[in-house]
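Please look through the structure below with these numbered points beside you. They take up the domains of one chain and then a pair of packed helices.

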Amino acid sequence: MIEGKVWKYGDDVNTDVIFPGKYTYQPMEPEEMADHAMEDLDPTFAGEVQEGDVIVGGKNFGCGSSREQAATCLKAAGVAAVIAKSFSRIFFRNAINNGLPVIELQKGTDAMKKGDTVSIDFEQGLVRHEGNEYHFPALPGEVLAILEDGGLIPHVKKVLKKSG
Amino acid sequence: MGMTFAQKVLSKKAGLDTVAVGQIVQIEPDYCMSHDNTAAIAKTFAKIGVKKVKNPERFVIVLDHTVPAATEKYALGHQQIREFVNDQGIEHFYDAGVGICHQVLPEKGFALPGRLILGSDSHTTTYGAFGAFSAGIGRSEMAVLYATSKIWLKTPASFKIVVTGRLEEPVTSKDLILKIIGELGADGALYRCVEYTGEAIEQMSVASRMVLSNMAIEMGAKNGVCLPDDKTTAFLDGRAVNDYTPVFPDAGAEYERVLEFDASSLAPQVAKPHTVDNVTGVQDVAGTKIDQALLGTCTNGRLEDLRLAAKILDGKTLARGVRMLVLPASQEVLVQALAEGLIDIFIKAGAMLLNPGCGPCLGAHQGVLAPGEVCLSTANRNFKGRMGSAEAETYLASPATVAASAITGVITDPRDAFSRSVA
């Protein structure tokens, strides 16, 4: 269960504005990446985002470059989940692999505004906002297992340890 | 029931008779590509706790994004990658200067029909031009591939895009793909495999097909495939690293959508800032002043692109106030361009020649933009801030449009300049 404050953005939020290309080949720890999160879209984000906040986007969130830092920087900034009408496939994978929940929601996102409170119930697959409930489908088992283990690297370490 | 190209490749790789759309399969890719991001991937790999890369012969590493190193930090990354490939016995390593990964893999014969290739770069879709199933992945996934060789993939639904007629020079496959993306939108083919087919595709060169596959990701596609033919075979003769069996979709394959485009009536297209699907005919933006013209990148840095631009620029000079950057996609392209005198034409026109690489396309180094500046580029992305300042603007167009506009200093329909050049 997550309850957080909404940061609202539009359609086609690309990975260049989430994490600019000029930083992508510089060695950086996740905490430093968080300082540049959303830099070219919303310069106020990195300074004001709070642990547990939720990003709400339109369609095709995370399109463009495969840069994984776009997911890593949001996770490190404290973002608890990203809700969008649809996601680009590479960002979707990167988010899961970084332990950042991504929720596809066709209905409801238009009504969510900056500063609103949303809650996400993963067990029931429900997003709640201002008295409304929106259902989202569960992730496939093998994908959910990665998210539940906190990301791909801890997941693979666990699997490799089990298989000895 | 017949299967699409994507279903056939994925079922074959998964060892299954058939796979349904949406089905998740565990597979081992034939080849995996990474570039300057290998330094970060190697660090993540170390965290997994596996000492040696499994199947090092399946990994191809190309340094291209920030070459030669622009800063000490980049240099350090390159140094770490060289040590990593030596320690791990990764033989398919192409150091700075050889070219852009998406040009190098085809030239070195890794991009083969029927192969499944994954890369930690979104434009890995380029190898679809050779009938390969190729898609981008993230860095953590590449690190896990080092450790296990395995990854999960979801079987995509497929679109068939039929392109009738023939492209008429100087209109190119870049104009065609911009038109397609403009119509479908940046998420128009989200998660789909796109099969390009029809007379225009059959007629065009392998290099032109690479533009279509390269930019499939810009409409959200997982991959964009052209079916292999005699032209593919001719390109791969003497290059292919091993034998290959092409994979074709079944006649009764099911497509979610079938779309038709006509190449013969197509005008030059331009994508306006700041999204790739913000496309219009060149006439609508003609007269827009430009500061920089960029010819190159994994989209349009091949020999036929340089030839077309040189034809228009031959004997001309750049407009006052315009700087032009030329980045051949690879050493092989550069050597051939030198032999044909193309580089001579560019330099005499006043352009700057940069080494093969990604350069300014992603704003990491070489020719980045100041606030308020406008770049007309042959690249594949025009996102806000991508080429430097978030206050700069990038327009995308074909090599012909970029060359014609560099002469006038404003966005210009290349058809007049082209017809004068061949008259």
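1. Domain bounds, as the word is used here, come from an automatic or database domain assignment. The model itself is a predicted one, and within it chain B is divided into domain 1, covering 5–261, and domain 2, covering 269–422. Taken over C-alpha atoms, the centres of domain 1 of chain B and domain 2 of chain B are separated by 25 Å.

2. Where the two domains of chain B meet, the contact takes 34 residues from domain 1 and 34 residues from domain 2. On the side of domain 1 of chain B that touches domain 2 of chain B, at least two residues each are supplied by α4 (101–107), α6 (173–184) and α8 (206–214) of chain B, and α6(B) gives the most, with six residues. Sorted by class, this side of domain 1 of chain B has 13 nonpolar, 14 polar and seven charged residues.

3. A second contact worth tracing is that of helix α2 (residues 38–48) of chain B with helix α3 (residues 72–88) of chain B, which pack at an angle of about 55° with their axes 8 Å apart. Angles from 65 to 115 degrees would count as roughly perpendicular and those under 35 degrees as roughly parallel, and α2(B) and α3(B) are therefore oblique to each other. Their crossing is left-handed.

4. The contact between these helices is made by Thr38(B), Ala39(B) and Ala42(B) of α2(B), together with Gly77(B), Gln80(B), Ile81(B) and Phe84(B) of α3(B). By class, the residues of this contact of α2(B) with α3(B) divide into four nonpolar, three polar and no charged.

Notes. Residues are numbered from 1 along each chain as its sequence is written. Chains are lettered from A and ligands numbered from 1 in the order in which they are written. This is a predicted model: local features need pLDDT of at least 70, side-chain atom pairs count only at pLDDT 80 or more; totals for chains, interfaces and linings use all residues. Axes are lines fitted to C-alpha atoms, for helices over the stretch in contact, and angles run from 0 to 180 degrees between N-to-C directions. Helices (H or I, at least four residues) and strands (E, at least two) are DSSP runs, numbered from the N terminus. Angles under 35 degrees count as roughly parallel, over 145 as roughly antiparallel, 65 to 115 as roughly perpendicular and the rest as oblique. A crossing is left-handed if the near helix is turned anticlockwise from the far one by less than a right angle, and right-handed if clockwise. Two residues are in contact if their C-beta atoms, placed from the backbone, lie within 7 Å. Ala, Val, Leu, Ile, Met, Phe, Trp, Tyr, Cys and Pro count as nonpolar, Asp, Glu, Lys and Arg as charged, and the others, Gly among them, as polar.
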